[in-house]
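Student: I would like a close look at one sheet in this model. Please take me through the strands, their pairing and what surrounds them.

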Amino acid sequence: MNQLTKIGLTLLTAVALCSVGCKKKPSNITPLPGAGQSSAPTTSFASDPIRTTRPSNTGLAPGNAFQPGNDSGSRAVPFDPNAGTQKSDLSAPLGGTDANPGPRPGGDKPEDRETLKGDTVYFEYDKSAIKSSEYAKIAAVAEYLKSNAGDDLVVEGHCDERGTEEYNRALGERRALAVRERLVNLGVPASRVTTISYGKDRPVDVAHSEDAYSKNRRGEFVLLKGGAAVK
Amino acid sequence: MSPVRCRSWFHRSIAAVLSALVVLQSAVGEENILIDAKTQGTIPIRLVGFPREVEDTLTFDLSVVGFEIVGPGKGQYEVRGGADPEVKGVLLEAGLNQPRFSRAYTGGSSRSQAHALADDIVKEITKLPGIARTRIAYRSVSGARGSHNQLLSEIYVADYDGANAVAITQDRSVAVAPTWVPGRLQLLYTSYLSGYPDIYSQDLTTSARLPVAHFNGLNTSAAVSPNGTHVAMILSRTGNPSLWVANLDGSNPRQLTRTSGYEASPCWSPDGRTICFTSTAEGKAALFTVPASGGAMTKLKTGGILNCTEPDWSPDGKWIAFTRAAGEFKIYIVPASGGTAEEYSAGEDPCWAPNSRTIIFTRGRDPSRRLSLLDVPTRRVKDVTRISGSCSQPSWTK
């Protein structure tokens, strides 16, 4: 059997095994199963991600099942615990100050995309600086968070389609971080705000026009509703 | 230079030639033969006697590396052969009394045998390693947009011509930016599986999947060093999307850039010493290099071209292909040491083939993006025809 055939068979095997069922495991951090650990091939395994999954509206199905013989064990996430120890709010603003970053703010709190919908922040083309016209929206969000100490916040960064994919993923993150920085400067604890960039993969308007582009260059606020204050 | 002479020679010796059976067992991994990608012209070649599928495969394989399939009496080269069912081929050159080679192939499908013959023809004539049996990984958008207009996508692996496509992820999430670990059946890619963009590593032989980077914020754009020991990537864990390098498993991450802008899409020089990436440190997106071990950033001169993203370093070290994102996306190529950047095609996200001659890239826009091959010296562009769906972010096996 030549190499080509071997590779083909391997891929086919992998695909076949991907149909094995899996169960959902609602723990905070689910280490991804480790390689090379054997178990009964019928064992279901937690295929949930390493980090808290956002509880709703993410469009995520349970994760893909992988070859049970290799995936049913658990394994520590492979990070050097000594790496990266900056502590100040803005130099390490995402809560992931140690190498094993732990859960993001929000945990399993339900999402609320409506309350702060009107405060969506818009950006200029290829820019992440916040326009003065948007300051009041961010201030309103900061006030809301101060008055609702149990809620956490996700800032979603988005781009129009005129940048390339990975560039826009960075630009979208930069926009979300710019909004976050302003919130922190207004007194919101950094630990309550996390960011996510969708690049250009989630446009509000899929048209190829300047009108659509201006709507798509945005930072959206998603509340993670909680009953109790988070430190 | 008369092809007639070739044919007459062929008639005298066909029996002897076709009875010589050479079993081909070579794998990818030829020594990297350096050739100036810009100095080669089209090579006319004629294909005679092959059944349709084999001829189509040979035509595709040869066309994307600078050959031109020609009719009777025009070719400097002629390949005579067949498939009964094993593929056989005799490579003749006008003016020579002896065939350049005569080979037959066993094992695999007739398509894979045709690929092997094509690789042998390319190697014999151009001295370049063949690419017909290499693979690509890419992002494939699966169906319509989901909630919030989200484009769901999976990672696929296929033959370089798009045949034998296999889904590597089936998460119904957003999986993007696949890249190969050189010399291994292993991919790194970004997935929003957790709800956030994280980098995973997946062994394609066992399907085992491990996180490489799942820090808060952005984790994306993985690129593995040529020796397979390190990964360059974009992380925002310290407050800004920056270039980081870590061990392949994600351990010991080190931040290489601290700019007032943000970084994106790193790639490695073939000697592993330098990383080229996009940065907005000076305003508009431009290409920079930095020592992989850390040090000062240096701007790569691109002749005044701005909005440069998605650099990819040719395996021979000579060129950097990139996307210019100003209006319509366009593929440019610049000398790796900097200089005048030259436009080659509309498209984005170029990735060099192991032959340092062919580039795979993305054309069109969602929901109908497609992968195309650019033969740099001849500037010919040919779509990868066998892939359905909207595809982008191709990565060629290294």
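Tutor: Strands S17 and S18 of chain B pair in the antiparallel sense, over 4 bridges. S18(B) covers residues 274-279. One bridge partner can be named: B:Glu263 is matched with B:Ser279 in S18(B). This is a predicted model, so read each detail that follows as a prediction.

Now widen the view to the sheet. The order is S17-S18-S19-S20 in chain B. The sheet is open, has 4 strands and pairs in the antiparallel manner. Strand S17 (263-268) and strand S20 (298-299) of chain B are at the edges. Each has a single partner strand, so one side of each has no neighbour in the sheet.

Next, look across the chain boundary. Helix H4 of chain A, residues 165-185, lies across S17 and S18 of chain B. Against S17(B), the helix runs at about 140°. For the complex, the predictor gives an ipTM of 0.88 and a pTM of 0.79.

Stay in chain A for a moment. A:Gly219 sits in strand S5 of chain A, which spans residues 218-224. Among the residues that A:Gly219 touches are A:Arg175, A:Ala176 and A:Val179. Its contacts also include A:Thr120, A:Val121, A:Val155, A:Glu156 and A:Gly157. A:Gly219 counts as buried because it has 29 C-beta neighbours inside 10 Å; the cut-off is 20 or more. A:Asp119 is 100 residues away from A:Gly219 along the chain, yet their C-alpha atoms are separated by 9.0 Å.

Back to chain B, for the setting of the sheet. The domain assignment gives domain 1 as 3-126 and domain 2 as 135-396. The C-alpha centres of these two domains of chain B lie 33 Å apart. Strands dominate the count: chain B has 29 strands and 3 helices. Of its 398 residues, 58% are buried. Take the contacts in chain B between residues at least 6 apart in sequence: 46% of them join residues at least 24 apart.

Finally, confidence. Chain B averages a pLDDT of 88, and 90% of the residues score at least 70. Residues 1-39 of chain B are a weak stretch, with pLDDT under 50. The model has 47 contacts beyond four places in sequence for that stretch. Where pLDDT is low, the predicted coordinates should not be read in detail.

Definitions and conventions: Residues numbered from 1 in each chain as written. Chains lettered and ligands numbered in written order. Predicted model: local features only at pLDDT ≥ 70, side-chain atom pairs only at ≥ 80, totals over all residues. Pairing = 2+ DSSP bridges. Helix = DSSP H or I, 4+ residues; strand = E, 2+ residues; numbered from the N terminus. Contact = placed C-beta atoms within 7 Å. Axes fitted to C-alpha atoms, helices over the stretch in contact; angles between N-to-C directions. Domains from an automatic or database assignment. Buried ≥ 20, exposed ≤ 12 C-beta atoms within 10 Å, placed from the backbone. pLDDT = per-residue confidence, 0-100.
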